[in-house]
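Student: I would like to work through this structure with you, one question at a time, and see the reasoning behind each answer.

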Amino acid sequence: MCWPYSEVEQVTLFSLVRKNIIGNFKNYLLYFVSMILSVVIFYTFSSLQYSPEIQISIKSSAGVLSIFTQASVLLILFVAIFIWYSNSFFTRKRKGEIGLYSLLGVRKRTIGRMLFYENMIMGAIATAIGIVLGTLLSKLFTMIFLRLLESSFQVSFSIPWKAILTTFIVFTVITLLTSVQAYRLIYRFKLVELFVADKEGDSLPRTSFPSAVVGIAILAFAYWLTFQPITTNAEFGTYFSLIAAGLISGTYLLFRFVVLSLLKLFKRNRSFYYTGLNLIGLSQLMYRITGNVRLFTIIALLSAFTICAVSVGYSSHYNIGQMSSTASPFSYYHLSQGDAFDKEAEQIIAADGEHPLKAQLDMPVIETIADASALPFTPSNYAPEEVPVKLIAASTFNQAQEALDRSARAELKEQEAAVVRPMYTELSASDVEGLGIGVKLPEGSVDLVITGVFEERVSGWSFPDVVVVVSDALFANAQAQIEPQLYKAYNVSGQESTGDTVAKLSALEGMDSANLISYYTEYRRRLEEGGMNIFVLGFLGLVFLAATGSMIYFKQLTEARADKQRYAILRKIGVSRKDIRTTVAKQTLFVFALPLVVGLLHSAVILRALAGINLINGDLTVPISTSMIFYAVVYLIYYGLCVQTYNQIVTRA
């Protein structure tokens, strides 16, 4: 029986596709794993949007859950670029194979279809495995997220079909686009170009001392900008635009000229250059560096972004308690609305047996205007000569400190004052000590001298946030002219779980005018934001880390195959396998460490800039150091895998 030619062609084509996938699977393994990880995380974000437990746990679900959508869009863009970029890494390796098919008479269209089917099948398998793993792990991810929110909801296993459909559509489109790119490969090169692809040498690297100096100057300028104070939105936009432009251009010039110049300096050191295989290793690095400039730049910038994102997410969750206490030192803090209202609110608080009352305090506060032009800070939208301030008596401040179990006390003479550090500032005593502030009262202005800064607050946060502690004598004088507002403050045990009491207090008639500030409300808001940040940014960082590590890994393996014959020649002239392994390890370490170190430095200065404008607050040492160490450890794992595979390739030659 004779089969039609088209059917024979189809069987042959798909058999070849299957053999190619199986034969090259080891080379594509990290790329394949990275794709699966991307699918799993995208599916996770999509499925959490439809989780009823999470929607119930997040009070501000409409706004916070939209972050999942934004993260999904960012992930789509990055994954699309990563897959597209990764395919280009395999182009040189496949050129010789494709050229052989062409030489044997296989039509370009058939070769293009083969590449198209290979990519589609790999993409389909990765998408299917990712969706299956995501479905199996969806309950675990939901439990992790609810754990970050400190929610006690029981999670049921469910299959969100909308999330599956969305994930399938997104990655089908991405795979289709990259498959079309693979299909067009055969049409972009002439037959002779396909055969000499692996034999094309790198151009002789050239250095430029002026360009190297310019690169260092640009990076130094960008780093210097991160330490400059930013006080307005216009300055924020200008400074960060300059910082971003400086880091991008400076990083490129660093890898293109500065690093190459340093390698040439090592080459001039004859004692080093002619020791062992340093001559060969250093020469290879110099010839490879030009081809890796763009890759190094991308990896360094992505590493900086990833470390910053993970550090910000971790710090927002790590400092929840500290920042909540800063915004609301007492468990409940409200403006007095008369004896009847205050008594009813007190009864609600006392009735909560699970959270016994530890301290109760009446805090009279005088609100007035002050001339703060001599001080280094003023609230935005207010003239320095007309700044709203809140005055608190030293005795009241000390009572609040005692109620909050704090040791600092205010000891002020009549014309002395102390400032409570405003939120989102790094104000210290050295910034204001000895400076004057003029408090305006109906009977005339009173000039006070600032003697210090209290870092911890005793009142709930409200804007404008200028609280001044004054002597009892001066407060009594001001009280005779301006009637103070009386605030009721309560401190209870276990204030993180006082949601029911806060709800009852909020429902009291007149509480809107009382401006209730509760620790629980601040804690829950920051917990939701912090949990969302660490979950989303942590998972995105994991994808970016896997992708950047894979990109360097692919590039090194591509170069390893190009270097096989060179190392074979070294073996023939008597170079030991141990010396070859040592040379490979040194070269690979340079390739992995260079963008990593630059990325770590960039992330450190960017985080310094973010802390300077108070976009991140609290104790940053642990979150930042943990993120950097984790990132470096994962990169070391990639390095170890790369060295092992590189050695296997070149030693088999």
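Student: Which residues of α23 do Leu545, Ala546, Thr548 and the other contacting residues of α20 meet?
Tutor: In this predicted model, the α20 side of the contact includes Leu545, Ala546, Thr548, Gly549, Ser550, Ile552 and Tyr553, and further along also Gln556, Leu557, Glu559, Ala560 and Arg561. By class, the contact of α20 with α23 has five polar and two charged residues beside 16 nonpolar ones. The residues met in α23 are Phe630, Tyr631, Val634, Tyr635, Tyr638, Leu641, Cys642, Thr645, Tyr646, Ile649 and Val650.

Student: Are α20 and α23 roughly parallel or roughly antiparallel?
Tutor: Two packed helices are described by the angle between their axes and by the distance between those axes. For α20 and helix α23 (residues 621-651), the angle is about 20° and the axes are 10 Å apart, while the crossing is right-handed. Angles under 35 degrees count as roughly parallel, and therefore α20 is, with respect to α23, roughly parallel.

Student: How is α13 oriented to α20?
Tutor: Helix α13 (residues 320-327) packs against helix α20 (residues 519-562) at an angle of about 140°, with the axes 9 Å apart. Angles over 145 degrees would count as roughly antiparallel and those from 65 to 115 as roughly perpendicular, the rest being oblique. The orientation of α13 to α20 is therefore oblique.

Student: How many nonpolar, polar and charged residues has the contact of α13 with α20?
Tutor: On the α13 side, the contact is made by Ile320, Gly321, Met323, Ser324, Ser325 and Ala327. These residues meet Tyr519, Glu522, Tyr523, Arg526 and Leu527 in α20. By class, the contact has six nonpolar, three polar and two charged residues.

Student: What is the distance in space between Leu149 and Leu527, C-alpha to C-alpha?
Tutor: Leu149 is placed in the loop between α6 (108-148) and α7, and Leu149 is buried, with a relative accessible area of 0%. Leu527 is among the α20 residues that meet α13. Although Leu149 and Leu527 are 378 residues apart in sequence, their C-alpha to C-alpha distance is 6.0 Å.

Student: Why does the pair of Phe42 and Phe171 tie together parts of the chain, and how many residues apart are they in sequence?
Tutor: This is one of 13 aromatic pairs in the structure, and its ring centres lie 5.8 Å apart with the planes at 75°, so the pair is edge-to-face. Phe42 is buried at a relative accessible area of 2%, and Phe171 is buried at 3%. Because Phe42 lies in helix α1 (residues 5-49) and Phe171 in helix α7 (residues 161-183), the parts tied together are 129 residues apart in sequence.

Student: Is the ring pair of Tyr382 and Phe463 edge-to-face or tilted?
Tutor: Tyr382 lies in the loop between β2 (357-371) and β3 (387-393), whereas Phe463 lies in the loop between β6 (444-454) and β7 (467-470). Tyr382 counts as partly exposed at 32% relative accessibility, and Phe463 counts as partly exposed at 46%. The ring centres are 6.1 Å apart and the planes stand at 45°, so the pair is tilted.

Student: What share of the contacts with a separation of 6 or more comes from residues 24 or more positions apart?
Tutor: The chain has 23 helices and nine strands, and buried residues make up 49% of its 653 residues. Of the contacts in the chain with a separation of 6 or more, the share from residues 24 or more positions apart is 84%.

Notes. Residues are numbered from 1 along each chain as its sequence is written. This is a predicted model: local features need pLDDT of at least 70, side-chain atom pairs count only at pLDDT 80 or more; totals for chains, interfaces and linings use all residues. Side-chain values use heavy atoms; hydrogens and water are left out. Axes are lines fitted to C-alpha atoms, for helices over the stretch in contact, and angles run from 0 to 180 degrees between N-to-C directions. Helices (H or I, at least four residues) and strands (E, at least two) are DSSP runs, numbered from the N terminus. Contact means heavy atoms within 4.5 Å. Ala, Val, Leu, Ile, Met, Phe, Trp, Tyr, Cys and Pro count as nonpolar, Asp, Glu, Lys and Arg as charged, and the others, Gly among them, as polar. Rings of Phe, Tyr and Trp (its six-membered ring) pair if their centres lie within 6.5 Å; planes under 30 degrees apart count as stacked, over 60 as edge-to-face and the rest as tilted. Buried means under 20% relative accessible area, exposed over 50%, partly exposed in between (1.4 Å probe, protein chains only). A crossing is left-handed if the near helix is turned anticlockwise from the far one by less than a right angle, and right-handed if clockwise.
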